[in-house]
Amino acid sequence: MKRVITYGTFDLIHYGHINLLERAKKMGDYLIVGLSTNQFNEEKNKKCYFSFEERKRLLEAIRYVDLVIPEECWEQKRSDIEMYHVDTFVMGDDWSGKFDDLKDICDVVYLSRTPEISTTKIKKELKGKE
Ligand code: C2G
């Protein structure tokens, strides 16, 4: 069984996230998502609309996702990859090169982002419509 892992906040989940998750799943048989906790999001200077539990529930309802684990710090990727016997680490190419240090323990793949959509854009446009 080929295992794939990816990480993110996935707040206000949208089709850009789905495009990423769909392609990530196609790279193996089992997709693990490291979901940023509310505390870690503060470290990432990201303010979430949905709580960790709500974002986790949304992700678990997506057919491409097999397991959701908490992402609590930047450094946990290496131990996650070893603990879950991950073959491929996948991120959107806005992270291109940032995780190449993991290449000694798994394949590292950066997939193109869906350019026209983002959670920030959604929030801005909704604000403008108030
Ligand atoms: N993404 C995408 N297209 C978009 C928006 C996001 O492909 N229009 C991808 C991102 O490249 C990322 C994933 O969806 O791979 C999750 O995006 P975010 O929730 O914004 O994740 P981020 O804040 O980048 O956190 O340790 C890694 C971090 O947790 C990544």
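**Exercise 1. In this predicted model, find how far a polar side-chain atom of S36 lies from an oxygen atom of the ligand, then look at K77 and W95 and at how much of the ligand the protein covers.**

Step 1. Start at S36: one of its polar side-chain atoms sits 3.4 Å from a ligand oxygen. The cut-off for a polar contact is 3.5 Å, so this pair makes the list.

Step 2. Move on to K77, where a side-chain N or O atom is 2.7 Å from an oxygen atom of the ligand.

Step 3. Now try W95: a polar atom of its side chain is 2.8 Å from a ligand oxygen.

Step 4. Then check the cover. On its own the ligand has 640 Å² of accessible area, and the protein covers 95% of that.

**Exercise 2. Work out which residues come nearest to the ligand, and which elements supply the shell around it.**

Step 1. There are 21 residues around the ligand, and the nearest are K46, E71, D94, T114 and I117.

Step 2. Sort the shell by class: you get seven nonpolar, eight polar and six charged residues.

Step 3. Map the shell onto the fold. At least two residues come from each of β1 (3-8), α1 (15-25) and β4 (88-92). The largest share belongs to α1, with three residues.

**Exercise 3. Describe the largest pocket: what takes up its space, how much space lies in it, and what lines it.**

Step 1. Place the ligand first: the space it takes is the largest pocket.

Step 2. Get the volume, which is about 700 Å³. The lining has 33 residues, with T9, H17, K46, D94 and R113 closest to the pocket's centre.

Step 3. Split the lining by class, and you find ten nonpolar, 13 polar and ten charged residues.

Step 4. Finish with the elements. β1, α1, β4 and α5 (119-128) each give the lining at least two residues, and α1 gives the most, with four.

Technical notes:
Residues are numbered from 1 along each chain as its sequence is written. This is a predicted model: local features need pLDDT of at least 70, side-chain atom pairs count only at pLDDT 80 or more; totals for chains, interfaces and linings use all residues. Side-chain values use heavy atoms; hydrogens and water are left out. A residue is near a molecule or strand if one of its heavy atoms lies within 4 Å of it. A polar contact is a pair of N or O atoms within 3.5 Å; within protein, one must be able to donate a hydrogen and the other to accept it, and residues adjacent in sequence count only if both atoms are side-chain atoms. Accessible areas come from the Shrake-Rupley method with a 1.4 Å probe; for residues, only the protein chains shown count as cover. On a 1 Å grid over the protein atoms alone, a cavity is a set of points where a 1.4 Å probe fits but cannot get out, and a pocket is an open set with protein on both sides within 12 Å along at least five of seven lines; lining residues have an atom within 4 Å of a point. A molecule sits in a cavity or pocket if more than half of its atoms lie within 2 Å of its grid points. Ala, Val, Leu, Ile, Met, Phe, Trp, Tyr, Cys and Pro count as nonpolar, Asp, Glu, Lys and Arg as charged, and the others, Gly among them, as polar. Grid points are joined across faces, edges and corners, and a volume is the space filled by probe spheres set on the points.
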